[in-house]
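Work through these exercises with the chain open in your viewer. Each task is followed by a stepwise solution.

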Amino acid sequence: MKKTFLLTLGLLVLTFSAMAQQVDRSRIKAGLHAGIPVADAADISKFSIGLDIAHHWGVSELIDAGLATGFFNAFGETTTVTVGNVVVENEFEDFQFVPLAGALRLYPTYDFNFGADVGYAVGINEGNEGGFYVRPSMGYNITGNTELNVSYINISNDGNFSIVALGVLFLF
């Protein structure tokens, strides 16, 4: 599956490079996000932080397509369960991922965008295999080169690891 994904990613890079020559708009975005794990992930983590990096090419006035990556760390949680007189403490390690994804953004207005990143999140920590990565997002252009966004990060592989995140991106 990883070979297929890397081949697809390579083809996307070539396709988007060709499109970038047709439309004279290219954007590099980099920023930070903080998030709260939800659903099953909330049982093993309470907070996450991350770095986002993307390169978008203008396909048209209303559409950008590109590639996205970054890094995020969901901090492991310690839980205590008491059964009768027995106290059991579970300590979960941090979960770390590097997403490799294609990105699509739609701009109905100059100030607002929505879209998604889709790809594979590589698990960095021991025992973390990673999984299919989907990240729908909405962004608001605060200034000409600063964007505030909200996203839902989901990584699935024999279960779901989900985070609701708030971030800020800077355009270069």
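**Exercise 1. State what share of the 172 residues is buried, then give the order of the elements.**

Solution.
- The model is a predicted one.
- Buried residues account for 38% of the 172 residues in the chain.
- The chain contains 1 helix and 10 strands.
- Read from the N terminus, the order is α-β-β-β-β-β-β-β-β-β-β.

**Exercise 2. Place Asp64 and Asp52 in their strands, classify each as buried or exposed, and find a side-chain partner for each.**

Solution.
- Start with Asp64. It sits in strand 3, residues 63-76.
- Its relative accessible area is 0%. Buried means under 20%, so Asp64 is buried.
- The side chain of Asp64 makes a polar contact of 3.4 Å with the side chain of Tyr107.
- Now take Asp52, in strand 2.
- Asp52 has a relative accessible area of 10%, so it is buried.
- The partner of Asp52 is Arg135: their side chains form a polar contact of 2.8 Å.

**Exercise 3. Find the nonpolar patch on the surface and say which strand gives the most to it.**

Solution.
- The patch consists of Tyr140, Ile142, Leu148, Val150, Tyr152, Val164 and Leu166.
- Its area is about 610 Å².
- Map the patch onto the strands. At least two residues come from each of strand 8 (131-143), strand 9 (146-156) and strand 10 (160-171).
- Strand 9 contributes the most, with 3 residues.
- Val150 is in strand 9.
- Check the accessibility of Val150. At 42% it falls between the cut-offs of 20% and 50%, so Val150 is partly exposed.

**Exercise 4. Compare sequence separation with spatial separation for Phe114 and Val150.**

Solution.
- Phe114 belongs to strand 7, residues 112-123.
- With a relative accessible area of 36%, Phe114 counts as partly exposed.
- Along the sequence, Phe114 and Val150 are 36 residues apart.
- In space, their C-alpha atoms are 9.6 Å apart.

**Exercise 5. Locate the patch of negative charge and classify Glu91 by accessibility.**

Solution.
- Four residues gather in this surface patch: Glu89, Glu91, Glu93 and Glu126.
- Glu91 is part of strand 5, residues 86-91.
- The relative accessibility of Glu91 is 61%. The cut-off for exposed is over 50%, so Glu91 counts as exposed.

**Exercise 6. Examine the backbone at Ala39 and Asp158: what is phi, and where does each residue lie?**

Solution.
- Begin with the background. Most residues other than glycine have a negative phi.
- Ala39 is not a glycine, yet its phi is positive, about 55°.
- Ala39 lies in the loop between strand 1 (26-38) and strand 2 (45-58).
- Its relative accessible area is 59%, so Ala39 is exposed.
- Asp158 also has a positive phi, near 60°.
- The loop between strand 9 and strand 10 holds Asp158.
- Asp158 has 83% relative accessibility, so it too counts as exposed.

Terms used. Residues numbered from 1 in each chain as written. Predicted model: local features only at pLDDT ≥ 70, side-chain atom pairs only at ≥ 80, totals over all residues. Heavy atoms only, no water. Patch = residues over 30% accessible without salt bridge, like charges linked within 9 Å, V, L, I, M, F, W, Y side chains within 5 Å. Areas by Shrake-Rupley, 256 points an atom, 1.4 Å probe, with all protein chains shown as cover. Salt bridge = Lys/Arg side-chain N within 4 Å of Asp/Glu carboxyl O. Lys, Arg positive; Asp, Glu negative; His and termini not counted. Charge placed at Lys NZ, Arg CZ, Asp CG, Glu CD. Helix = DSSP H or I, 4+ residues; strand = E, 2+ residues; numbered from the N terminus. Buried < 20%, exposed > 50% of the residue type's maximum accessible area, 1.4 Å probe, protein only. Polar contact = N/O pair within 3.5 Å; in protein donor to acceptor, adjacent residues only side chain to side chain.
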